[in-house]
Amino acid sequence: MLTFKRHRFAALAAAVLVALILALTTGSSMTTEAARTIDNTKEGQTGPGYVINARLNVAAADAQNLRDGNMLAGGLLQQSVQRQMEKEEMLRLRTEENKKLLEEQAKRDARAAINCSDEDYNTLLRIVQAEAGVCDEKGKILVANVIINRVKSPRFPNTIRGVVYQANQFSPVSNGSINRVRVTQETIDCVDRALAGEDYSQGALFFMNRGRSRSGAVGWFDRSLTYLFSHDGHEFFK
């Protein structure tokens, strides 16, 4: 009886072993065959393998096209911005140039109104610098106003140079300092403003610095003229 059971167990084990061997052999064959199938489909450009590969290629191509498009759009935008900036700069320069031309024309018109030649203009710059170089802007304009008022008055010469170099009128002419001064940009601006019509003088035809004037001159001013006002060390009369 025991011998029979042993034979049955041995037969069953053998059957299981055979089944296992067949299963392993069949699975290995199927795996190998599946690998061959995928390789074949790739090589033949059909089947699932090719579809996946093709999709990857399309995605890569789309990404590259997007990058190329972005680069192109960025380049065009940069060129457009650059052209706009160049146009704006050109417009700004043209506006500044036109402004300077208008200012120069206004200066010429102002000089022409009182017959102010280049020589007259330089003389006016020098006398204002010599008389009011240490004064503020209004003080410089006031001195220029007095010179211009005299040009317009029948009591004095009708040119700036004639007014400035009239005998015994301005101490910088008498002592020669008018020829030694260095005209500043502020003085130029103030003279231009006075020529353009900026006037604080109330019609003044005379001015003096009481502390630096001779007593005889001071007495003459007080006796003979009408006092108007004082500003920055100068007293103005007419």
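## The E198–R193 pair and helix α7

In this predicted model, E198 and R193 are joined by a salt bridge whose closest N and O atoms lie 2.8 Å apart. How exposed are the two partners? E198 counts as partly exposed, because its relative accessibility is 22% and the buried class stops under 20%. R193 is partly exposed as well, with a relative accessible area of 29%.

Close by in sequence is helix α7, which spans residues 185–195. Its buried residues are T187, C190, V191, D192, A194 and L195. After α7 comes G197, and its phi is positive, near 115 degrees.

## R210 and its two acidic partners

Let's turn to R210, which takes part in two of the salt bridges described here. With D222, the closest N and O atoms are 2.9 Å apart. That pair links distant parts of the chain: D222 belongs to helix α8 (residues 215–224), while R210 sits in the loop between β1 (206–208) and α8, 12 residues apart. With E235, the N to O distance is 2.8 Å. Here the link runs from the same loop between β1 and α8 to strand β3 (residues 234–237), and the partners are 25 residues apart.

The surroundings of these side chains are worth a look. D222 is partly exposed, with a relative accessible area of 42%, and R210 is also partly exposed, at 34% relative accessibility. E235, by contrast, has a relative accessible area of 14% and is therefore buried, since that value falls under 20%.

Across the model, the count of salt bridges comes to eight. Some of them share partners, and in this way E89, R92 and E96 are joined into one network.

## Strand β3 and its neighbours

Which residues of β3 are buried on each side? H234 and F236 are buried on one side, and E235 and F237 on the other, leaving both faces of the strand covered. This fits a general pattern: in a regular strand the side chains alternate between the two faces of the sheet.

β3 has two antiparallel partners in this part of the model. It pairs with β1 over three bridges, and M208 stands opposite E235, the residue that also meets R210 in a salt bridge. With strand β2 (residues 227–231), β3 pairs over four bridges, and F229 has F236 as its bridge partner. The hairpin of β2 and β3 has two residues between the strands, and D232 takes a positive phi near 50 degrees there.

## Helix α4 and the buried R150

Helix α4 covers residues 137–152, 16 residues in total. From its first C-alpha to its last it reaches 23 Å, close to the 22 Å expected at 1.5 Å a residue. The helix is mostly covered, with 13 of its 16 residues buried. At its start, a side-chain oxygen of D136 comes to within 3.3 Å of the backbone nitrogen of K138.

R150 is found in this helix. What is the nearest side chain of opposite charge to R150? It is E131, 9.0 Å away, and R150 is buried yet has no salt bridge. The side chain of R150 does reach the backbone oxygen of L205, at 2.7 Å. Leaving aside residues up to four places away in sequence, R150 touches F156, P157, V163, Q169, F170, L205 and F206. L205 thus appears both as the polar partner of R150 and among the residues R150 touches.

Terms used: Residues numbered from 1 in each chain as written. Predicted model: local features only at pLDDT ≥ 70, side-chain atom pairs only at ≥ 80, totals over all residues. Heavy atoms only, no water. Expected span 1.5 Å × (residues − 1). Buried < 20%, exposed > 50% of the residue type's maximum accessible area, 1.4 Å probe, protein only. Polar contact = N/O pair within 3.5 Å; in protein donor to acceptor, adjacent residues only side chain to side chain. Lys, Arg positive; Asp, Glu negative; His and termini not counted. Salt bridge = Lys/Arg side-chain N within 4 Å of Asp/Glu carboxyl O. Contact = heavy atoms within 4.5 Å. Pairing = 2+ DSSP bridges.
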